[in-house]
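New notebook page, new structure. I want to get my bearings and write down what I look up as I go.

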Amino acid sequence: MKILLTGGAGYIGSHTIIELYKAGHSVVVVDNLVNSNQEALRRVSKIIGEEFPFEKADIRDRESLDRLFGQYHIDAVINFAGLKAVGESVSKPLEYYENNMNGVFVLLDVMRRHGCKNIIFSSSATVYGDPAIIPITEECPKGQCTNPYGWTKSMLEQVLIDVQKADREWNVVLLRYFNPIGAHESGLIGENPNGIPNNLMPYITQTAVGLRKELGIFGNDYDTHDGTGVRDYIHVVDLARGHVAALKVFENRNEISSQRDEEKGLYIYNLGTGHGYSVLDVVKAFEKVNGVKIPYVIKERRPGDIATCYCNPSKAKEELGWEAQYGIEEMCRDSWRWQSQNPNGYESL
Ligand code: NAD
Ligand code: UD1
């Protein structure tokens, strides 16, 4: 299939291109590079040994999208494009709603005009809020998000559900990612946050490489085995492969066994490993695998954080034949290989 990846120059998108090529697909990438660097795409080309089309454009720019759909026969879209910094979304809600929501509105409209009605949407475990069930299944009710970023995911899921309900020709796949970390085993591509990282693993790797003095652990009084927050970390390469597996829905949706006819066309999957690791578990695993020390201090809880979040990933296994292959040690090893080989991310060249 030929897949249009919006936001394909970013962390998850760049890894997904590789897995798509390995599975025999080809891609067209559109990204406005607001949170990424074209160097990532050059390195992906090096890894796959092939060039692929890239358009520097904003997905809110209807003319650019229209041109791309006219130029290429696109079978399906994976929409990674979006702003994702939780803290920034609290201080710039309008910018987040405008970018993330309008981007998808324009994209969906251009897609249907060109008769392309297959989309995979990057959603997040954040839509479950403080989850009602642990481990979280897809049947777990959605919850209250604690920030505008989370609401854009939750609302866009609803938009996509409504679009599919109104026109059953659409195939909509909502992938709820848990906590992606790790990097491609080559060490050539990885996560490259702007400024001070918000997320745990980039903060750990930047501490290990000497860019940060120490890790702050946000609370050690949660109701978890060691008091620190528990999450379902997933290797980004496993996550990327989850997208390849989800393409099965577009190839033959009748093969997806568990659905009744009136439900065909809408598919929701958790992508996680099903294992929960605490902040201290991750720090210890990182130190052990990589032989480096991570100095840390305990800080106040971070507003909006929950104690425990991990999923039951069995639906994706049963219906898509996908399950995560890598464990926490490989995630720590590959995160460190990327950071230690590229201390300043893509800027180091
Ligand atoms: P990323 O920021 O690395 O990638 C997103 C890409 O989208 C960037 O390259 C950015 O330049 C581009 N972009 C943003 N707005 C755009 C627009 N209007 N037009 C064109 N390009 C635009 O983020 P990522 O970690 O690769 O995440 C990919 C997707 O997965 C995002 O939608 C994110 O919200 C979602 N997600 C990420 C995580 C995570 O932990 N990384 C978890 C759950 C969901
Ligand atoms: C966060 C976002 C979530 C988003 C996800 C992926 C919040 C509240 N949630 O999830 O919406 O989908 O990132 O981008 O921001 N931690 C520390 N010190 C740090 C950083 C993190 O102790 O410097 C702890 C956190 O308290 C948490 C765990 O590490 O217990 C994981 O944090 P993080 O990587 O930010 O992911 P989430 O909070 O799960």
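**Entry 1: polar contacts of ligand 2**

I started with ligand 2, keeping in mind that this is a predicted model. Which atom of ligand 2 does a polar side-chain atom of Arg-302 lie close to, and at what distance? I found an oxygen atom of ligand 2 at 2.8 Å from that Arg-302 atom.

Next I checked Asp-305. An N or O atom in the side chain of Asp-305 is 2.6 Å from an oxygen atom of ligand 2. I also noted Ser-124, where a side-chain N or O atom is 3.1 Å from an oxygen atom of the ligand. Then I looked up how much of ligand 2 is hidden: on its own it has 740 Å² of accessible area, and the protein covers 89% of that.

**Entry 2: the shell around ligand 2**

Who else is there? I get 19 residues surrounding ligand 2, and the closest are Leu-200, Gly-216, Arg-231, Arg-302 and Asp-305. So Arg-302 and Asp-305 turn up again, as they are also on that list of the closest.

I sorted the shell by residue type: nine are nonpolar, seven polar and three charged. Then I asked which elements supply them. Helix H7 (200-208) and strand S8 (215-218) each give at least two residues to the shell. S8 has the largest share, with four residues.

**Entry 3: ligand 1**

On to the other ligand. There are 27 residues around ligand 1, and those that come nearest are Asp-31, Asn-35, Ser-36, Lys-84 and Tyr-149. They split into 12 nonpolar, 10 polar and five charged residues.

I picked three polar contacts to write down. A polar side-chain atom of Asp-31 sits 2.6 Å from an oxygen atom of ligand 1. The backbone joins in too: a polar backbone atom of Ile-12 is 2.8 Å from an oxygen atom of the ligand, and a polar backbone atom of Ile-59 is 3.0 Å from a nitrogen atom of it.

How much of the accessible area of ligand 1 does the protein cover? I get 95% of the 810 Å² that ligand 1 has on its own. Helix H1 (11-22), strand S5 (118-124) and helix H6 (148-166) are the elements giving two or more residues to this shell. The largest share comes from S5, with three residues.

**Entry 4: strand S2 and its neighbours**

Asp-31 made me look at strand S2, which covers residues 26-31. Is S2 largely enclosed or left open? Five of its six residues are buried, so the rest of the structure largely encloses it.

I then traced the pairing. Strand S1 (residues 2-6) runs parallel to S2, with five bridges between them. One position I marked is Thr-6, which stands opposite Val-30 in S2. Going from S1 to S2, the chain passes through H1, and this β-α-β crossover is right-handed.

S2 also pairs with strand S3 (residues 54-56), again in parallel, through three bridges. Here Val-29 has Phe-54 in S3 as its bridge partner. S2, helix H2 (residues 38-48) and S3 form a right-handed β-α-β unit.

**Entry 5: a three-strand sheet**

I wanted to see where Arg-231, one of the residues closest to ligand 2, fits in. It stands opposite Tyr-277 in strand S12. The strands paired here are S9 (residues 230-231) and S12, antiparallel over two bridges.

They belong to an open sheet of three strands in the order S12-S9-S14, and its pairing is mixed. Why do S12 and S14 each have one side without a neighbour in the sheet? Strands S12 (277-278) and S14 (308-309) stand at the edges and each has a single partner strand, so one side of each stays without a neighbour.

**Entry 6: two backbone oddments**

Leu-33 caught my eye in the loop between S2 and H2. Its phi is near 60°, a positive value in a residue that is not glycine. Is Leu-33 buried or exposed? Its relative accessibility is 17%, and because the cut-off for buried is under 20%, Leu-33 counts as buried.

My last look-up was the peptide bond from Ile-134 to Pro-135, which is cis, with omega near -10°. I placed Pro-135 in the loop between S5 and H6, and both of those elements are also among those giving two or more residues to the shell of ligand 1.

Key: Residues are numbered from 1 along each chain as its sequence is written. Chains are lettered from A and ligands numbered from 1 in the order in which they are written. This is a predicted model: local features need pLDDT of at least 70, side-chain atom pairs count only at pLDDT 80 or more; totals for chains, interfaces and linings use all residues. Side-chain values use heavy atoms; hydrogens and water are left out. A residue is near a molecule or strand if one of its heavy atoms lies within 4 Å of it. A polar contact is a pair of N or O atoms within 3.5 Å; within protein, one must be able to donate a hydrogen and the other to accept it, and residues adjacent in sequence count only if both atoms are side-chain atoms. Accessible areas come from the Shrake-Rupley method with a 1.4 Å probe; for residues, only the protein chains shown count as cover. Ala, Val, Leu, Ile, Met, Phe, Trp, Tyr, Cys and Pro count as nonpolar, Asp, Glu, Lys and Arg as charged, and the others, Gly among them, as polar. Buried means under 20% relative accessible area, exposed over 50%, partly exposed in between (1.4 Å probe, protein chains only). Two strands pair if DSSP finds at least two bridges between them. A crossover is right-handed if, with the strands pointing away from the viewer, the path from the first strand over the helix to the second runs clockwise.
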